[in-house]
Amino acid sequence: MTTPDSSQSKDPMVTARGLCKRYGDFVALDHVDLDVAPSEVVVLVGPSGAGKSTFIRCLNGLESVDAGTITVDGQNVDTHDESIHQIRAQIGMVFQQFNLFPHLTALENVALAPRVVVGLTRAEAIERAKEQLNRVGLSDKTNNYPAELSGGQQQRVAIARSLAMQPKVMLFDEPTSALDAEMIGEVLGVMRDLAKSGMTMILVSHELGFVRDVAGRVAFFENGRILACDTPKNLLNGDAHARAREFFQRVW
Amino acid sequence: MLIGLTAVVRSRLLNAIGRVYVDVLRGVPLLVQIFFIYFGLGKVLNLDRFTAGVLAVGVGYSAYLAEIIRAGVLSIAVGQHEAAASLGMSRAQALRHVILPQAVRTILPPTANEFIACLKDSSLVSIIGLRELTRAGREYYSQYFVDFQTWLIVGLIYLAMTLLLTRLTRRLERRFAVKGFGTVGARP
């Protein structure tokens with residue numbers, strides 16, 4: 001039994017219906033449903049191996065699902081269809097390990113996809129890249145290569161790189177887990193601003209403060225299912241979600 | 001280059017063609033390939049000695065180069081492919097803009113190796129009567145009977161050509177070097 005979502009008044013930006021995914025005998029996702037409204041921020045939490053990362057990677061088709069359907073802004077996410085590239089271009093993804101292109105400068109990292117995927121001219125792409133680097137507070141690092149940047153700076157470039165595609169949704173897969181403590185704040189700050197600007201966001205994160213302040217809802221994953229999905233306040237304080245509360249008390 | 005890429009595209013047919021091409025050409029001595037192309041294909045297609053010789057050495061070495069290119073592409077972390085895909089790039093766009101520019105750095109030194117070996121193995125085509133450097137040396141020797149000097153000169157000419165290639169690749173390596181990144185020792 002999966003948890004039904006609170007009904008949304010607007011058409012959801014992202015819908016996942018009955019997602020199943022196995023790796024051999026291991027069940028990574030077991031009939032997962034989730035609706036995310038436009039401008040909503042949903043945080044996925046839960047023990048490791050519970051399916052959070054798999055779920056988020058299925059949403060933009062980096063992993064294929066065995067069963068179930070995903071739509072983003074009404075478009076079907078089908079990894080076996082040519083349309084997948086065009087849909088991925090509308091979904092931003094930020095990785096735990098940043099995955100910046102090491103042979104390109106910060107500016108080139110951000111400008112590449114707008115140029116080759118969207119088809120902007122070099123000048124337009126660079127213009128857009130500068131705007132986004134400015135937005136994440138790195139206008140002074142445009143000509144630095146990733147190896148010359150700190151982890152926090154690299155992750156902010158990665159966020160700018162995704163934003164330059166003007167995505168409808170942003171996915172973050174443990175964006176601060178690979179960072180030293182003093183760099184986590186700068187990345188969360190950027191994400192906070194992004195949420196405030198009305199971006200639809202789905203993220204895997206264990207930063208309690210951030211989750212409390214920014215998350216509209218928290219989805220608690222365990223054994224490939226969403227056991228509970230509610231506002232952070234209800235999840236932490238209410239009695240309805242005993243298992244989730246127990247988890248939070250342990251990790252936080 | 002193209003053959004190397006057949007191994008990394010998502011097409012079973014192309015994968016298989018590339019595999020067979022590499023396995024066959026790598027598994028047969030170059031000398032035999034030269035005979036085969038000159039006496040076999042050459043008779044059918046009416047190839048002259050020079051075309052047949054160049055073709056045989058070129059095709060033979062392409063198999064080795066293909067494997068080097070494949071290794072270069074495989075050496076790039078999966079996260080790079082994923083990051084490119086998540087930005088909406090097709091497989092071809094990702095290869096061209098993200099994967100190959102990085103793989104070049106890994107590919108360059110072994111590629112230089114192959115070109116140098118290729119240059120030296122070009123002496124094999126003398127067997128089908130092509131007058132290249134080694135054969136020229138032998139003719140000179142049989143005419144004037146100065147063995148040591150002849151082969152010293154021939155050796156030095158080969159060395160000069162390969163050193164030129166070596167210098168060229170060093171320059172390329174430096175050109176592709178990126179600050180703080182990669183497998184390239186030489187820095188600008």
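In this predicted model, the centres of domain 1 and domain 2 of chain A, taken over C-alpha atoms, sit 25 Å apart. If you want to find the two domains along the chain, domain 1 is built from two stretches, 1-90 and 167-252, while domain 2 covers 97-166.

Where do these domains of chain A meet? On one side, 11 residues of domain 1 are in contact with 12 residues of domain 2. Look for helix 6 (residues 181-196) of chain A: it supplies four residues to the domain 1 side, the largest share. That side is made up of nine nonpolar and two charged residues, with no polar ones.

Next, pick out the sheet in chain A. It's an open one with six strands, running in the order 6-7-8-3-9-10, and the pairing is mixed. At its edges you'll find strand 6 (91-94) and strand 10 (225-230) of chain A, each of which pairs on one side only. Going from one strand to the next, the twist averages 15 degrees. For a closer look, try strand 7 (residues 169-173) and strand 8 (residues 200-204) of chain A, which pair in the parallel sense over five bridges. Within this pair, A:Met170 has A:Met201 of strand 8 as its bridge partner.

Finally, there's the meeting of the two chains. Chain A brings 21 residues to the contact and chain B brings 19. On the chain A side, helix 2 (83-88) and helix 3 (106-118) are the elements that give two or more residues. Helix 3 of chain A gives the most, with four residues. Sorted by class, the chain A side has 13 nonpolar, six polar and two charged residues.

Conventions:
Residues numbered from 1 in each chain as written. Chains lettered and ligands numbered in written order. Predicted model: local features only at pLDDT ≥ 70, side-chain atom pairs only at ≥ 80, totals over all residues. Contact = placed C-beta atoms within 7 Å. Nonpolar A, V, L, I, M, F, W, Y, C, P; charged D, E, K, R; others polar. Pairing = 2+ DSSP bridges. Axes fitted to C-alpha atoms, helices over the stretch in contact; angles between N-to-C directions. Domains from an automatic or database assignment.
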